[in-house]
Amino acid sequence: MTDIAPGAAVDLTALPIETEPVPDEAVEAGAPVHGAAALAEIGAVEIGVWEMTPGVATDVEVDEVFVVLAGRARIEYLEPALPPAEVGPGSLVWLQAGMRTRWTVTETLRKVYVAP
């Protein structure tokens with residue numbers, strides 16, 4: 001976990017994040033890498049930053065609300081079938097546990113997330 005102190009300001013756009021390749025079984029196109037940095041736990045809620053480089057990958061989601069800080073992506077909802085979401089800086093998205101998604105990242109995506 002990244003150490004932040006109450007009352008301190010953190011530049012989330014410049015925060016270093018260790019990345020690794022997205023697992024092969026999830027990659028549909030490109031060679032994306034991803035990573036996350038947990039910032040704080042408040043009760044049972046984790047707050048952190050996640051990043052993925054351009055490419056296409058699938059995922060099974062956890063309960064999460066996030067705000068995009070930088071980059072662009074299209075999120076397709078495979079299960080349940082919902083209209084796709086085009087996201088960029090300032091976009092807020094709520095994901096529910098068990099959703100199956102496809103992420104097409106066109107510009108390295110960085111988001112701040114809040115998850116139990």
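**Strand content, pocket and salt bridges of the predicted model**

Residues 41-113 of the chain are 0% helix and 77% strand, and the C-alpha atoms at the two ends of this stretch lie 12 Å apart. The structure described here is a predicted model. The range corresponds to an annotation in UniProt, where an unreviewed entry lists residues 41-113 as "domain: (S)-ureidoglycine aminohydrolase cupin".

The largest pocket holds about 320 Å³ of space. Its lining is made up of 17 residues, and those nearest the centre of the pocket are His34, Trp50, Asp59, Glu61 and Lys111. Strands β4, β5 (55-60) and β9 (100-115) contribute to this lining with at least two residues each. In general, empty space is found by rolling a probe the size of a water molecule over the atoms.

Strand β4 spans residues 45-52 and includes valine 45. Valine 45 has a relative accessibility of 31% and therefore counts as partly exposed. On the surface, Val45 joins Val65, Leu92, Trp94 and Val114 in a nonpolar patch. Together, the residues of this patch have about 460 Å² of accessible area. Membership of such a patch requires over 30% relative accessible area, and the 31% of valine 45 satisfies this condition.

The count of salt bridges comes to 6. One of them joins glutamate 28 to arginine 102, with the closest N and O atoms 2.6 Å apart. Because glutamate 28 belongs to strand β2 (residues 27-29) and arginine 102 to strand β9, this pair ties together parts that are 74 residues apart in sequence. Glutamate 28 is partly exposed, at 44% relative accessibility.

Arginine 102 also forms a salt bridge with glutamate 76, and here the closest N and O atoms are 3.5 Å apart. Glutamate 76 is located in strand β6 and arginine 102 in strand β9, so the contact ties together parts separated by 26 residues in sequence. The relative accessible area of glutamate 76 is 23%, and the residue is partly exposed. Through these contacts, Glu28, Glu76 and Arg102 are linked in a network of salt bridges.

A further salt bridge is made by the side chains of glutamate 79 and arginine 100, at 2.8 Å from N to O. This pair, too, involves strands β6 and β9: glutamate 79 lies in β6 and arginine 100 in β9, so parts 21 residues apart in sequence are tied together. Both partners are partly exposed, glutamate 79 with a relative accessible area of 45% and arginine 100 at 34% relative accessibility.

Glutamate 79 also takes part in a cis peptide bond. The bond from glutamate 79 to proline 80 is cis, with omega near -10°. Proline 80 is placed in the loop between β6 (64-79) and β7 (82-87).

Another proline, proline 21, is found in strand β1 (residues 20-21). Proline 21 is exposed, its relative accessible area being 58%; the cut-off for this class is over 50%. Proline 21 and proline 32 are 11 residues apart along the chain, and their C-alpha atoms are separated by 6.1 Å.

Technical notes:
Residues numbered from 1 in each chain as written. Predicted model: local features only at pLDDT ≥ 70, side-chain atom pairs only at ≥ 80, totals over all residues. Heavy atoms only, no water. Patch = residues over 30% accessible without salt bridge, like charges linked within 9 Å, V, L, I, M, F, W, Y side chains within 5 Å. Areas by Shrake-Rupley, 256 points an atom, 1.4 Å probe, with all protein chains shown as cover. Salt bridge = Lys/Arg side-chain N within 4 Å of Asp/Glu carboxyl O. Helix = DSSP H or I, 4+ residues; strand = E, 2+ residues; numbered from the N terminus. Buried < 20%, exposed > 50% of the residue type's maximum accessible area, 1.4 Å probe, protein only. UniProt positions renumbered as here; feature names shortened; annotations may be inferred. 1 Å grid on protein atoms, 1.4 Å probe; cavity = no way out; pocket = protein on both sides within 12 Å on 5 of 7 lines; lining within 4 Å. Points joined across faces, edges and corners; volume = space filled by probe spheres on them.
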